[in-house]
Amino acid sequence: MEVPILKQGHYLIASIQSALTDADLMQLRESLVARVGKFRARGVIVDVTALDVMDSFAVRTLRDITHMARLRGAETVIVGIQPEVAFAMVQLGLTLKGVATALDLEEGLAFLDAQARERIDRA
Amino acid sequence: MATPKDRTPSTQPPSPEETAGLLRELVSHLRQNRTQLREEWARRITRAQLLTAMTEEEIFAEATSVYDNYVEALETGTFEALQAYARNLSERIIPRGVETHEVVGIVLLLRDVLARSLFAKYHEDFTKLNRILDAYEPAANRIANTVAVGFVQERERVIRQQQEAIRELSTPVLQVRERLLILPIIGVIDPQRARQLTEQLLRAIRTNRAKVVVIDITGVAAMDSNVANHLVQTVEASRLLGATVIVTGLSPEIAQTLVTIGVDLSEMATVGDLQGGIEEAERLLGYKVLELSDSGQKTA
């Protein structure tokens, strides 16, 4: 199933609706990285609220998306990890190091806004 | 008052065969007078105001089964069935607030009621009465002991169970400010509790939409690598939900232990005490706490 990617201002929002196969994940990665350039996005939000399982491939893909998007000039934040999923991930040692996380979409947007402000302040 | 010679208790203990014969006689006496003795006993229980938590019918029903078990223990000389019954009875009556002294009291009452019936039966033959009592006393004492010990053991089991429950409940997650939670940990952390603690914290982070969590471990006496790893896992799981964790209250001993056993806590933000932790959390959340007089001067 393809993941819909919405554009909202300077941000891209990918909202995962159901469990994804490895191929789906790779496709998500490619289209996100491509669209960051196409829409000149400054931030990416991946919403995983609907996922009740997160395997090592999914975690690796999310980390790759973050690093790739950063190289293309956009910050990524993963939002909506369920408590049970978080617990299982930590037990498996999948801790998404170096990847920003937030509670939900609203928090994710706030995080990206804060990042943008910081960038402006620095400039 | 001089005691006639034939009324003093026999100094020679009766032989086992004799005891068995006497006990048989005793048991048949108790069986014959079952209804009357049972009623007498129940009456005495009510009069002594024991088992006030139970109704008279209940007392009578319990009295009947205790009586039958009692006679059976006298007859067979084995106490397993009685022990099991005592445990079962305790299980039923402890939640209703029956006290140890009541249980001991009713068993002693039964002992007394039965002894009196023996007096009444053999009052013409004191030698016989003495021998019957010699056979009866040790068995009766052992029965009383069994029931009382059974009750106390059951009570202790209930207490242990409750302690466990209290321990499970003792991980409150408190909100001190908008988006700031505190989790004070007190006591021993075992794997089970660590798991429960993490789950509770993660749920609380979601319901309170927390951004910062302060975990205070002042009340944790000792820490080994297992506990430390649990703590690291809790911190990481919280981060996945978008919350920052600050750990406070590491004692000098725990700090030394952790460094000695080489646990990697580089991912964890630690602050000396709870106050410092809350101040740091407020800073992260963008709060600034001012004294009233200060802010008053500034605005004036």
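**View 1. Strands β2(B) and β3(B) lie side by side in a predicted model.** Six bridges join strand β2 (residues 180–186) of chain B to β3(B), and the two strands run parallel. Two residue pairs help you find your way along them. Ile182(B) has Val214(B) of β3(B) as its bridge partner, and Ile186(B) stands opposite Gly219(B), also in β3(B). Is strand β3(B) mostly covered or uncovered? Covered: β3(B), residues 212–219, has six buried residues among its eight.

**View 2. Strand β3(B) also pairs with β4(B).** Here the strand to look for is β4 (residues 244–248) of chain B, which is joined to β3(B) by five bridges. These strands run parallel too. A handy pair to look up is Ile215(B) with its bridge partner in β4(B), Val247(B). To get from β3(B) to β4(B), the chain passes through helix α8 (residues 225–240) of chain B, making a right-handed β-α-β crossover. A right-handed β-α-β unit is also made by β2(B), helix α7 (residues 191–208) of chain B and β3(B).

**View 3. Step back, and the whole sheet of chain B comes into sight, with five strands in the order β1-β2-β3-β4-β5.** This sheet is open, and its pairing is mixed. Which strands stand at the edges? They are β1 (174–177) and β5 (269–271) of chain B. Each of these has a single partner strand, so one side of each has no neighbour in the sheet. On average, and ignoring direction, neighbouring strands of this sheet are turned by 30° against each other.

**View 4. Helices α7(B) and α10(B) meet the strands of the sheet.** Helix α7(B) packs on the sheet, where it touches β1, β2 and β3 of chain B. The direction of α7(B) makes about 165° with that of β2(B). Now look for helix α10 (residues 274–285) of chain B. Which strands does α10(B) lie across? The answer is β1, β2, β3, β4 and β5 of chain B, and α10(B) runs at about 175° to β3(B).

**View 5. Chain A has four helices and five strands.** Follow chain A from the N terminus, and you meet its elements in the order β-β-α-β-α-β-α-β-α. Of the 123 residues in chain A, 36% are buried. Contacts in chain A also link distant parts of its sequence: among those with a separation of 6 or more, 75% come from residues 24 or more positions apart.

**View 6. Helix α3(A) packs against elements of chain A and chain B.** This helix spans residues 83–92 of chain A, and its buried residues are Pro83(A), Val85(A), Ala86(A), Phe87(A), Met89(A) and Val90(A). What do these buried residues pack against? They pack against α2 (56–71) of chain A, together with α7 and α8 of chain B. Gly93(A) follows the helix, and its phi is positive, near 80°.

**View 7. Chains A and B touch, with 13 residues of chain A in contact with 13 residues of chain B.** On the chain A side, the elements that give two or more residues are α3 and β5 (100–102) of chain A. Helix α3(A) gives the most to this side, with six residues. The residues on the side of chain A that touches chain B divide into nine nonpolar, three polar and one charged.

Conventions: Residues are numbered from 1 along each chain as its sequence is written. Chains are lettered from A and ligands numbered from 1 in the order in which they are written. This is a predicted model: local features need pLDDT of at least 70, side-chain atom pairs count only at pLDDT 80 or more; totals for chains, interfaces and linings use all residues. A residue is buried if 20 or more other C-beta atoms lie within 10 Å of its own, exposed if 12 or fewer, and partly exposed in between; C-beta atoms are placed from the backbone. Two strands pair if DSSP finds at least two bridges between them. A crossover is right-handed if, with the strands pointing away from the viewer, the path from the first strand over the helix to the second runs clockwise. Two residues are in contact if their C-beta atoms, placed from the backbone, lie within 7 Å. Ala, Val, Leu, Ile, Met, Phe, Trp, Tyr, Cys and Pro count as nonpolar, Asp, Glu, Lys and Arg as charged, and the others, Gly among them, as polar. Axes are lines fitted to C-alpha atoms, for helices over the stretch in contact, and angles run from 0 to 180 degrees between N-to-C directions.
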